[in-house]
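This briefing covers two topics: the packing of a pair of helices, and the cysteines. The model is shown below.

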Amino acid sequence: MTHINTLIESSLAIVKIERESYLNALNKDVIEELSSELQVLENNQNIRVVIIVGSGQKAFVAGADIKEFSGYSVEEGEALSKKGQDNLFNKIENFKKPIIAAINGYALGGGLELALCCHMRVASENAKMGLPECSLGIIPGYGGTQRLVRTVGLTHATEMILTSKIIDANFAEKIGLINAKTTQEDLLQVAKNLAKGCIKNSPKSLESAIKCINKNFDKNGLTFEQKEFGKLFGTKEFKEGVSAFLEKRKPNY
Ligand code: CAA
């Protein structure tokens with residue numbers, strides 16, 4: 001594994017995404033490695049809770065890798081969304097043990113979507129969160145249109161998605177996007193405290209509770225999101241949006 005580094009502390013696993021020079025952006029390798037690491041941890045009877053964190057001081061995850069998908073067709077766009085959802089994001093949501101996102105900086109696009117499918121989220125004071133995909137000529141494709149609405153409600157989710165607004169940890173706490181906010185120094189400790197609260201409980205109860213909580217949500221929206229995400233890869237605006245990011249300029253729509 002080159003992009004995932006796991007530290008085991010008794011019954012807790014701390015999984016770090018290591019792609020710091022690209023702000024831990026999720027390319028295919030990161031997604032595959034994270035997915036297989038989580039599979040190992042799910043099968044390990046000694047592990048009771050998982051924490052996911054980004055490497056460095058700046059980012060949790062700055063989104064899906066824009067460079068990697070910049071030349072994608074409609075079919076490839078839809079497949080990117082479906083594969084990511086099937087192999088990683090939905091797996092995390094349905095993981096048998098609690099997973100906590102420790103948001104240590106930017107959590108944008110796929111990064112916030114990763115945090116949203118975790119069962120709980122804590123963020124450091126420097127964290128910035130948002131779904132800026134509409135500024136790139138696409139939409140959130142890793143479940144954001146569904147899970148942000150579920151988490152913070154229609155009012156805030158719609159504003160965040162349609163305006164690409166980036167919010168700070170104070171606002172995220174206010175709207176219920178995160179469970180707790182703390183200093184960057186204390187972030188892992190706060191996540192560990194949440195983990196401890198789960199570890200003292202029955203593992204079978206936690207597994208069952210996660211399944212029941214997830215039953216609240218209709219999964220059809222996720223498939224619809226994949227199709228819409230793919231369709232946008234056929235537009236001129238998508239080409240303009242990602243070119244503008246890669247050329248470090250503002251898009252002209
Ligand atoms: N994909 C690919 N590379 C990325 C990236 C991403 N999502 N985010 C950052 N990087 C790269 C930058 O290109 C840069 O690389 P170079 O040094 O080679 O130029 C490096 O990481 C450092 O980033 P910046 O120089 O941009 O750092 P900054 O401090 O000036 O800005 C930032 C930080 C505001 C987070 C900015 O990097 C940014 O806007 N990133 C993109 C955020 C975004 O739009 N995310 C959504 C992606 S689309 C998505 O996620 C789709 C989906 O739902 C499936």
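The points that follow are grouped by topic and refer to a predicted model. Helix 1 packs with helix 3 at an oblique angle, and a search of the whole structure finds 0 disulfides.

**Helix packing**

- Helix 1 spans residues 28-43 and helix 3 spans residues 74-93.
- The two helices pack at an angle of about 40 degrees, and their axes are 9 Å apart.
- Angles from 35 up to 65 degrees fall outside the roughly parallel and roughly perpendicular classes, and helix 1 and helix 3 are therefore oblique to each other.
- The crossing of helix 1 and helix 3 is left-handed.
- On the helix 1 side, the contact is made by I31, L34, S35, L38 and Q39.
- On the helix 3 side, N87, L88, F89, K91 and I92 take part.
- Sorted by class, this contact has 6 nonpolar, 3 polar and 1 charged residues.

**Cysteines**

- The search for disulfides covered the whole structure and found 0.
- For C117, the closest cysteine sulfur is that of C118, at 5.3 Å. A disulfide requires sulfur atoms within 2.5 Å, so this pair is too far apart for a bond.
- C117 counts as buried because its relative accessibility is 2%, and the cut-off for buried is under 20%.
- C134 is in no disulfide either, and the nearest cysteine sulfur, belonging to C117, is 19 Å away.
- C134 has a relative accessibility of 29% and therefore counts as partly exposed.

Technical notes. Residues are numbered from 1 along each chain as its sequence is written. This is a predicted model: local features need pLDDT of at least 70, side-chain atom pairs count only at pLDDT 80 or more; totals for chains, interfaces and linings use all residues. Side-chain values use heavy atoms; hydrogens and water are left out. Axes are lines fitted to C-alpha atoms, for helices over the stretch in contact, and angles run from 0 to 180 degrees between N-to-C directions. Helices (H or I, at least four residues) and strands (E, at least two) are DSSP runs, numbered from the N terminus. Angles under 35 degrees count as roughly parallel, over 145 as roughly antiparallel, 65 to 115 as roughly perpendicular and the rest as oblique. A crossing is left-handed if the near helix is turned anticlockwise from the far one by less than a right angle, and right-handed if clockwise. Contact means heavy atoms within 4.5 Å. Ala, Val, Leu, Ile, Met, Phe, Trp, Tyr, Cys and Pro count as nonpolar, Asp, Glu, Lys and Arg as charged, and the others, Gly among them, as polar. Buried means under 20% relative accessible area, exposed over 50%, partly exposed in between (1.4 Å probe, protein chains only).
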